[in-house]
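I opened this notebook page to keep track of what I looked up, and in what order. The entries below go from charged pairs to a nonpolar patch.

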Amino acid sequence: MADIIVTVIVALAVSVVSCKISAAHTFNVIDGYVKEMIELAKKSIRDAYIDK
């Protein structure tokens, strides 16, 4: 019975750590895309006002 409890605790710990790493990587990728889109929108707005 103790072996099962240790196995469950280790699996839970590994799952939590891997999920945090995966989430951090995913948010960094999404943040990069969002920053790129915001810069593109700023450039488009500036260009629209300059063209008038």
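What follows are my entries on side-chain pairing and surface exposure.

**Entry 1, the model.** I note at the start that this is a predicted model, and I read every value below as computed from that predicted model.

**Entry 2, the count.** How many salt bridges does the rule give? I took the rule as a side-chain nitrogen of Lys or Arg within 4 Å of a carboxyl oxygen of Asp or Glu, and by that rule I arrived at three salt bridges.

**Entry 3, Asp31 and Lys35.** I looked up this pair and found their side chains joined in a salt bridge, with an N to O distance of 3.6 Å. Both residues belong to helix H1, where they sit four residues apart, about one turn of the helix. I then checked exposure: Asp31 has 36% relative accessibility and so counts as partly exposed, while Lys35 counts as exposed because its relative accessibility is 52% and the cut-off for exposed is over 50%.

**Entry 4, Glu39 and Lys42.** Which residue does Lys42 pair with? I found a salt bridge to Glu39, in which the closest N and O atoms are 3.7 Å apart; the two residues lie in helix H1 with a spacing of three residues, again about one turn of the helix. For exposure I noted that Lys42, at 38% relative accessibility, is partly exposed, and that Glu39, with a relative accessible area of 45%, is partly exposed as well.

**Entry 5, Lys43 and Asp47.** I recorded a salt bridge between these two side chains at 3.0 Å, N to O. Why are they about one helical turn apart? I put it down to their spacing, because Lys43 and Asp47 are four residues apart in helix H1. Lys43 reaches 48% relative accessibility and therefore counts as partly exposed, and Asp47, at 32%, is also placed in the partly exposed class.

**Entry 6, the nonpolar patch.** I turned next to the nonpolar side chains at the surface, and asked which residues form a patch there. I found Met1, Ile4, Ile5, Val8 and Ile9, which together have about 560 Å² of accessible area. I followed up one of these residues, Val8, and located Val8 in helix H1, which spans residues 2-51. Is Val8 buried or exposed? I noted that Val8 counts as exposed because its relative accessibility is 52%, and the class of exposed residues begins over 50%.

Key
Residues numbered from 1 in each chain as written. Predicted model: local features only at pLDDT ≥ 70, side-chain atom pairs only at ≥ 80, totals over all residues. Heavy atoms only, no water. Patch = residues over 30% accessible without salt bridge, like charges linked within 9 Å, V, L, I, M, F, W, Y side chains within 5 Å. Areas by Shrake-Rupley, 256 points an atom, 1.4 Å probe, with all protein chains shown as cover. Buried < 20%, exposed > 50% of the residue type's maximum accessible area, 1.4 Å probe, protein only.
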